[in-house]
Amino acid sequence: MSSRKKGLEGSKVRGLIAAGCWLLLCACSDTTLYRAGRDYFPLIPGSEWRYQFGTDTTYLSVDSSQQVIQGQTCTVLYRNFAPEYWTKGLTEVRKFFVLASGYGETLEARFGLVYQLPLVLGSVWQDEFFDTLLVRGDTIYFSHSLAGRVAAIEAVSTLAGTFYDCYRLDFQEQVVDPETTTTQFTEWLAPGVGVVKRQTSAGDELLIEYKR
Amino acid sequence: MLVALTLVLVSGLDIGGHVGAAFPTGGLERAHGTSAILGASLGYSLGRFRGELAYDYTGLPGRQASSYHLSLHEVTASLGYEFLHRPGWGIEVAAGVASGFAQRSLGTGQESGWPNAFLIGLKFVQREGRSRLAAGLDNRLFIANRSGMGLAVIADLFSIQAGVGYVF
């Protein structure tokens, strides 16, 4: 009798534990900590991305060797075989911006902030550069600013698949040299992949292949 | 009769607090540093078994000088078993489930959620009079059912804790 009672109690406990586990599993759809632990801009040597932009294809690859630019060790990213120089720390990702005037004089050559890390919904950042240059006897006021904002967390579908927990980043870039050019673009960054979609006024650039 | 029943129910009940160090792993270590963990617990012992309801708080800072911060509040229900049970001490293994509130913030940015976790622990326990001391290791495996990916461990928080309790 006593062993039968113990058996019944045991099965009740097991049932309660199973019900608790089932409830927990059903409730598990929160991915806040998943996003907190993922790399949204991996620059792994040898990685390759292929994007479709209308009928054109953009090809990106990370070089296996690094270079030193202005005393900073940076990763070389080839965009359609043209080099771009990036630095990545724990709190930011910077790109080496090189802009020249119509006469060929260098207006800007520096590492500018592109992404503030870690990405958190609602966070904003801005990078500004000002300079006054003398070009062929004329004084030119030059400025370059890039403002970014983490606007949303979305799922993105491309030919490479569906990517979940993507951050949508809205950017506004302004160059004054001395004419003002303002461009707006949006990027979607997927965990462990990087940019999966880029939207500009000219159209959408979508990831079609990623290799690492 | 009521007093006797109350005494029976209360005997084995303990209440206490604990402190420790939390070490983010499983991807979290990329952007988060080590932090202190603070908590309070309510336990009920019955022989080698002990059920516990605990609250824990930890605030993980960013890895570099940054205003980034991850706050984690959790309520844990666990069941422990002293596989080594001696009159004054024992070694306990515990397993449980945890549910909590997580908030990430950076400047004006803020995102929050309700993560869930499985907990496993190993503790050394010492009992003397009305005091109960415990020191050991806890590992929280955060799980999520990601769209299109299925159920998976998404983060891991390992901690070393020590606590003291008053036994009624």
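**Close-up views of the contact between chain B and chain A**

In this predicted model, chain B has a mean pLDDT (the predictor's confidence in each residue, from 0 to 100) of 90, and 93% of its residues reach 70 or more. The predictor gives the complex an ipTM of 0.88 and a pTM of 0.86.

**View 1. The two sides of the contact.** Chain A gives 31 residues and chain B gives 40, where contact means heavy atoms within 4.5 Å. About 2,900 Å² is buried between the chains, 64% of it on carbon and sulfur atoms; buried area is the accessible area (1.4 Å probe) that two parts lose on being put together, summed over both. In chain B, R104(B), E111(B) and R146(B) lose the most area to chain A, together 22% of what that side buries.

**View 2. The salt bridge between E111(B) and R35(A).** The closest N and O atoms of this pair are 2.9 Å apart. One salt bridge is found across the interface, the rule being a side-chain nitrogen of Lys or Arg within 4 Å of a carboxyl oxygen of Asp or Glu.

**View 3. Strands of chain B that touch chain A.** Elements giving two or more residues to this side are β4 (69–85), β5 (89–106), β6 (109–113), β7 (116–128), β8 (131–146) and β9 (150–167) of chain B; strands are DSSP runs (E, at least two residues), numbered from the N terminus. The largest share, six residues, comes from β5(B).

**Notes.** Residues are numbered from 1 along each chain as its sequence is written, and chains are lettered from A in the order in which they are written. Local features need pLDDT of at least 70, side-chain atom pairs count only at pLDDT 80 or more, totals for chains, interfaces and linings use all residues, and side-chain values use heavy atoms, with hydrogens and water left out.

Key:
Helices (H or I, at least four residues) and strands (E, at least two) are DSSP runs, numbered from the N terminus.
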